[in-house]
Amino acid sequence: MTIKEVSEKFDITADTLRYYERVGLIPPVARNASGNRDYQEKDVDWVEHTVCMRNAGVPIEALIEYVKLFQMGDATFGARLDLLKEQYEKLEEQRKQIEATMDRLHYKISKYEEAVKTGKLVWDGKITDGECTM
């Protein structure tokens, strides 16, 4: 199919198709002997998929990553999985640090609440130069 036929089929402009190819939303389209784009069935499938996803509001950046996954093949899945595991471990460590901080804060708050309830913590009510004594 020619670029004109594909653009008419999906009701988009030829410039939009060129843009999709240029930024990586669709894989590069093969050229015929005269140098014109020659859309094969797989190319038309990518265009249809891209048009549907764009109409659904999927961000261009996400679509580009999606196309890259398929262009690179299975060889990249292991590396991407390792990267995701590493990111998960870092986030898990941050979560543990946040929980430990929250536990310390809850402990301190409970001690102040206990001191206030038992009358061991007295405040004179002045904000500027008031002091708390235990």
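Biologist: Which sign does the phi of glycine 24 take, just after helix α2?

Modeller: In this model, which is a predicted one, glycine 24 takes a positive phi of about 95 degrees, just after the end of α2. It is a convenient place to begin, and the helix that precedes it can be read next.

Biologist: Before we turn to that helix, how many helices and strands does the protein chain hold, and in what pattern do they follow one another along the sequence?

Modeller: The protein chain has five helices and two strands, and read along the sequence they follow the pattern α-α-α-α-α-β-β. Of the 134 residues in the chain, 19% are buried, and the chain exposes about 10,300 Å², of which carbon and sulfur atoms supply 56%. Among the contacts between residues at least 6 apart in sequence, 37% join residues that are at least 24 apart.

Biologist: Which residues of α2 are buried, and what do they pack against?

Modeller: A residue is called buried when its relative accessible area is under 20%, and in α2 this applies to Leu17, Tyr20 and Glu21. They lie on the same side of α2, because the arc they cover around the axis is only 95 degrees. The buried residues of this helix pack against α1, residues 3-10, and against α3, residues 41-55.

Biologist: Which exposed residues are carried by the face of α2 turned away from the buried side?

Modeller: That face carries Asp15 and Arg22, both exposed. For aspartate 15 the relative accessibility is 56%, and so it counts as exposed.

Biologist: With which residue does aspartate 15 form a salt bridge?

Modeller: Its partner is arginine 18, and the closest N and O atoms of the two are 2.7 Å apart. Both residues lie in α2, residues 14-23, and they are three residues apart, which is about one turn of the helix. Arginine 18 has a relative accessibility of 32% and therefore counts as partly exposed.

Biologist: How should I read a pair of aromatic rings, and how many such pairs does the structure hold?

Modeller: A pair of aromatic rings is described by the distance of the centres together with the angle of the planes. The structure holds one aromatic pair. It is formed by tyrosine 19 and tyrosine 20, with 6.3 Å from centre to centre and 50 degrees between the planes, and it is tilted.

Biologist: Are tyrosine 19 and tyrosine 20 buried or partly exposed?

Modeller: Tyrosine 19 is partly exposed, with a relative accessible area of 30%, whereas tyrosine 20, at 9% relative accessibility, counts as buried.

Biologist: How many salt bridges does a search of the whole structure find, and which residues in helix α5 are joined into one network?

Modeller: The search finds six salt bridges. In one of them, the side chains of arginine 95 and glutamate 92 meet at 2.2 Å, N to O; both residues lie in α5, residues 75-118, and are three residues apart, about one turn of the helix. Arginine 95 also forms a salt bridge with glutamate 99, where the closest N and O atoms are 2.5 Å apart, and these two residues of α5 are four residues apart, again about one turn. Salt bridges that share partners thus join Glu92, Arg95 and Glu99 into one network.

Biologist: What are the relative accessible areas of glutamate 92, arginine 95 and glutamate 99?

Modeller: Glutamate 92 is partly exposed at 21%, arginine 95 is partly exposed at 35%, and glutamate 99 is partly exposed at 38%.

Biologist: Which residues form a nonpolar patch on the surface?

Modeller: The patch is formed by Ile98, Met102, Leu105 and Ile109, which together have about 370 Å² of accessible area. One of them, isoleucine 109, is found in helix α5, and with a relative accessibility of 45% isoleucine 109 counts as partly exposed.

Biologist: Finally, where does tyrosine 66 lie, and which residues does tyrosine 66 touch, leaving aside those up to four places away in sequence?

Modeller: Tyrosine 66 lies in helix α4, residues 60-72, and, with residues up to four places away in sequence not counted, tyrosine 66 touches Trp46 and His49. At 33% relative accessibility, tyrosine 66 counts as partly exposed. Tyrosine 66 and leucine 25 are 41 residues apart in sequence, while in space their C-alpha atoms are 8.5 Å apart.

How values were computed. Residues are numbered from 1 along each chain as its sequence is written. This is a predicted model: local features need pLDDT of at least 70, side-chain atom pairs count only at pLDDT 80 or more; totals for chains, interfaces and linings use all residues. Side-chain values use heavy atoms; hydrogens and water are left out. A salt bridge is a side-chain nitrogen of Lys or Arg within 4 Å of a carboxyl oxygen of Asp or Glu. Buried means under 20% relative accessible area, exposed over 50%, partly exposed in between (1.4 Å probe, protein chains only). Patches are made of residues with over 30% relative accessible area and no salt bridge: like charges are joined within 9 Å, nonpolar side chains (Val, Leu, Ile, Met, Phe, Trp, Tyr) within 5 Å. Accessible areas come from the Shrake-Rupley method with a 1.4 Å probe; for residues, only the protein chains shown count as cover. Rings of Phe, Tyr and Trp (its six-membered ring) pair if their centres lie within 6.5 Å; planes under 30 degrees apart count as stacked, over 60 as edge-to-face and the rest as tilted. The arc is that of the directions from the helix axis to the C-beta atoms. Contact means heavy atoms within 4.5 Å.
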